[in-house]
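User: Can you walk me through this one? I'm new to reading structures.
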Amino acid sequence: MRTSPKGDKRRSRGQHLLICTVLTAALAAATVAGLALGSVRIPPGQVLEILTGNAEPSPFRTIVLDVRLPRVLLGAAVGAGLAVIGTVLQALVRNPLADPFLLGVSSGASVGAVGAIVLGGTFGVGSALATTVTIPAAAFVGALISLVLVYTLARSGGGGFATGRLILAGVAVSYILTALTSLILVTADSADHLKEVLYWTLGGLGSARWDMLALPCCALVVGTALLMALARPLDLLLVGEEGATVLGLDTARFRAAVFVLASLLTGVLVAYSGAIGFVGLMVPHAARMLVGAAHRALLPVVALMGAVFLVVADLAARTVAAPQDIPVGVLTALTGGPFFLWLLRRRTEGVPA
């Protein structure tokens, strides 16, 4: 007996809701683990008491509320945002290897942020102003310039994209921007910026504070909502440039607008976390295995999976060599590098990614 299309659609929605529910529960569990584990271990029951306001003032309460909770929340926001950006970039350039880090977008944002740090110290820009305005704005400009540059270099004569050219352009631009970051550091008047610059280049969440959460969380919510509204045009790009144009999409204008939005979101996130790589490469592929490629269903799942992934990765970074705090960008690179090579090999062998 065949199931009606209406029944298939209802079952698909039920499966999607179940997946989102499971991922939300996984995020809650990862959050509790992130608050409980570290150089100082706190019983999960006591963590829940602290979160519900039933605990007496204590050093544990200070650790949970003032140190670990802002870090976990920032990790969730950054992980969700980078995963969403990676998903959108892969649709825009029709390449499963696209990622904010591999395409040089994160490196461009880092150059802008580092330049703002150094120039802010040189010209006496206040730290509060630099944190809330200067660094995110400079990171956005750097991300946008690098993305436009890679986009221009990767286009072929017919206006399409070649996989090899896209990756080579991204790697080349990333190397150039990394060298520019080093140049900014070397020519700085003071060596006091070394630790801050190292933070941006390796990626980390150790400096998270409550006053840093508003902008990245707002950018994530607004940016994801806008991209959800653009789910249908993103789906049209999956059928190809010509097919999307025939169906009424102005691909050039649409790509330009979404590139700006992706650069803005990347700039804001990197301004607070540094260049954390490969989240936007790995998570979208895992999410597509669960819910397919339709962006209206894919984006919420990607955001939840990205949040869970980075919270767990940051927990590992804090505990694997405790009390030493390893930059989380190091761990994501150690896992993302082999994944990228595996994905590249599958594409080389002609296996759909």
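Analyst: Start with helices: a helix is a DSSP run of H or I, at least four residues, and a strand is a run of E, at least two, numbered from the N terminus. This is a predicted model, where local features need pLDDT of at least 70, side-chain atom pairs count only at pLDDT 80 or more, and totals for chains, interfaces and linings use all residues. Residues are numbered from 1 along each chain as its sequence is written, and side-chain values use heavy atoms, leaving out hydrogens and water.

User: What share of residues 208-230 is helix?
Analyst: Helix makes up 70% of that span, and strand 0%. Its end C-alpha atoms are 31 Å apart.

User: And how far apart are the ends of 293-313?
Analyst: Those C-alpha atoms lie 25 Å apart. Residues 293-313 are 90% helix and 0% strand.

User: What does UniProt call these spans?
Analyst: The unreviewed entry annotates "transmembrane region" at spans including 208-230 and 293-313. Such annotations may be inferred rather than shown by experiment; positions follow the numbering used here, and feature names are shortened.

User: New topic. How many disulfides?
Analyst: Zero, taking a disulfide as two cysteine sulfur atoms within 2.5 Å. Cys-217 is in none: the nearest cysteine sulfur, that of Cys-218, is 7.1 Å away.

User: Is Cys-217 buried or exposed?
Analyst: Partly exposed, because its relative accessibility is 29%. Buried means under 20% relative accessible area, exposed over 50%, and partly exposed in between (1.4 Å probe, protein chains only). Cys-20 counts as buried because it has 14%.

User: What does Leu-92 touch?
Analyst: Its contacts (heavy atoms within 4.5 Å) include Leu-234, Phe-254 and Arg-255, not counting residues up to four places away in sequence.
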